[in-house]
Amino acid sequence: MRLVRAAVLTTLAIVAAACQKKSASDTILIGHVGSLTGAEASFGTSTENGIRLAVEEINARGGIKGKRVVVKTYDDQGKPEEAAVAATRLITQDKVTVLLGEVASSRSLAMAPIADANQVPQITPTSTNPRVTKDGDKTRPYVFRVCFIDPFQGTVMAKFARENLKLERVAILRDVGSDYSVGLADYFKKKFEELGGTIVNDQSFKGGDQDFKAQLTTIKGKKPELIYVPGYYTDVALVARQARELGIKVPLGGGDGWDSAKLYEIAQGALDGSFFSNHYTHENPDPLIQNFVKRYREKFGGTPDSMAALGYDAAQVAFAAMARATDLSGPAVRDAIATTRNFPGVGGTITIDSDHNAVKSAVVLGIEKNKARFIATVNP
Ligand code: PHE
């Protein structure tokens, strides 16, 4: 009796193992690391939605190399150290083929060495700091992005402020805890000064701060015509409200980190008249974009922001590369991603350059009646 039971159990174990093996080889697992909670929760949530839409569509078309795509996601709570832990877990335990994420540069920077060391390709949808794909003067072999970089984004807003708005005096308020914010502030400053403008004051804060009145009071005394605040939406919205409370009436300027429905919820109109650079606008009439907006709305019930659009693009670039790759090993998929040319993304056409960046246009948006409106497209 005992023997029979043992035999049955063994058989079951073999069948289970066989099933597991079969299901493992029938699927491709991709990993996503994002801020699903915390002060930048909309970043991770939007990206996740974009990725899920892309996964649903590729599977409806029969998957990749006959395999179904499955995504596994970890929340990093907006912390670089958690992003590193999640990347390691996805690579070593879950054995993902590709890593998607993060949105924020500081968190992508925490993941990048792990992707390189393990030869697992990482594609960040929206991290714009140059160092994410470049370590010193060496391009990180396994790290890519499907967005432009901040030297360009900073230039776009500096030119807009100087040439379109004809401003001479700008103050900066930067988040010194964020690689993104510090980089973008520097690139903006450099270009604005090159174009003959003056940075009348350069102040700092730390993401999560609640009180910006001391910095804003100093800035007010310098009489700038615009305050450039390249931060993330929660901080920026609070800065805007406190600026208005102090009687500062000039517009604020910023970058893609402003892009969130929450920005308007928190700002309550305090950002009217302000401007920021971004990756894409859902107002673009291009049918490719309008179809995406429609499908996204049907599935998630909201308007896709930049993170949703570029999360979708990052996943699609990964899928196209896996389909082209000779096999699904890290090096083969890496080589395929590196040869991405003229990929029609909803956030613009993607060609990966030798530094693993996408050379793309940016848009400038203006805020009116607590809503972002498309103003201009700027080409590199
Ligand atoms: N570009 C920002 C960074 O690198 C992240 C970001 C992208 C935030 C898009 C909002 C929208 O940190």
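**Figure 1. Lysine 262 and its salt-bridge partner in helix 9.** In this predicted model, lysine 262 is partly exposed, with a relative accessible area of 37%. Its partner is glutamate 265, and the closest N and O atoms of this salt bridge are 3.4 Å apart. Why are glutamate 265 and lysine 262 separated by about one helical turn? Because they sit three residues apart in helix 9, which covers residues 261-267. Glutamate 265 counts as exposed, at 51% relative accessibility. That label fits because exposed means over 50%, and glutamate 265 has 51%.

**Figure 2. A second salt bridge inside a helix, this time in helix 6.** Here the side chains of glutamate 194 and lysine 191 meet, with 3.4 Å from N to O. Both residues belong to helix 6, and they are three residues apart, or about one turn of the helix. Is glutamate 194 buried or exposed? With a relative accessible area of 52%, glutamate 194 is exposed.

**Figure 3. A salt bridge between distant parts of the chain.** Now look at aspartate 179 and arginine 131, whose closest N and O atoms are 2.7 Å apart in their salt bridge. This pair links distant parts of the chain, with their positions 48 residues apart: aspartate 179 is in helix 6 (residues 179-194), while arginine 131 is in the loop between strand 4 (122-124) and strand 5 (134-135). Aspartate 179 counts as partly exposed, at 25% relative accessibility. Arginine 131 is partly exposed too, at 42%. If you'd like to hunt for others, a search of the whole structure turns up 19 salt bridges.

**Figure 4. Where domain 1 meets domain 2.** The domain assignment gives domain 1 as 10-148 + 285-361 and domain 2 as 150-278. Their C-alpha centres lie 30 Å apart. How many residues does the contact take from each domain? It takes 20 residues from domain 1 and 18 residues from domain 2. The size of an interface is often given as the accessible area lost when the parts come together. For domain 1 and domain 2, the buried area is about 1400 Å², with 49% of it on carbon and sulfur atoms. On the domain 1 side, Phe43, Thr128 and Phe148 lose the most area to domain 2, together making up 32% of what that side buries.

**Figure 5. A closer look at the contacts between the domains.** Across the interface of domain 1 and domain 2 there are 11 residue pairs in polar contact, both residues having pLDDT 80 or more. Which helices each supply at least two residues of the domain 1 side that touches domain 2? They are helix 2 (41-60), helix 4 (105-118) and helix 11 (306-324). Sorted by class, that side of domain 1 has eight nonpolar, eight polar and four charged residues. The count of salt bridges between the two domains is one.

**Figure 6. Three spots with unusual backbone geometry.** Most residues other than glycine have a negative phi, and most peptide bonds are trans. Glycine 101 and glutamate 102, though, are joined by a cis peptide bond, with omega about -10 degrees. Glutamate 102 is in the loop between strand 3 (98-100) and helix 4. Lysine 65 has a positive phi, near 50 degrees. You'll find lysine 65 in the loop between helix 2 and strand 2 (68-75), and it is partly exposed, at 39% relative accessible area. Glutamine 268 also has a positive phi, near 50 degrees. Glutamine 268 is in the loop between helix 9 and strand 12 (275-278), and it counts as exposed at 59% relative accessibility.

Key
Residues numbered from 1 in each chain as written. Predicted model: local features only at pLDDT ≥ 70, side-chain atom pairs only at ≥ 80, totals over all residues. Heavy atoms only, no water. Salt bridge = Lys/Arg side-chain N within 4 Å of Asp/Glu carboxyl O. Helix = DSSP H or I, 4+ residues; strand = E, 2+ residues; numbered from the N terminus. Buried < 20%, exposed > 50% of the residue type's maximum accessible area, 1.4 Å probe, protein only. Domains from an automatic or database assignment. Contact = heavy atoms within 4.5 Å. Buried area = accessible area lost by both parts, 1.4 Å probe. Polar contact = N/O pair within 3.5 Å; in protein donor to acceptor, adjacent residues only side chain to side chain. Nonpolar A, V, L, I, M, F, W, Y, C, P; charged D, E, K, R; others polar.
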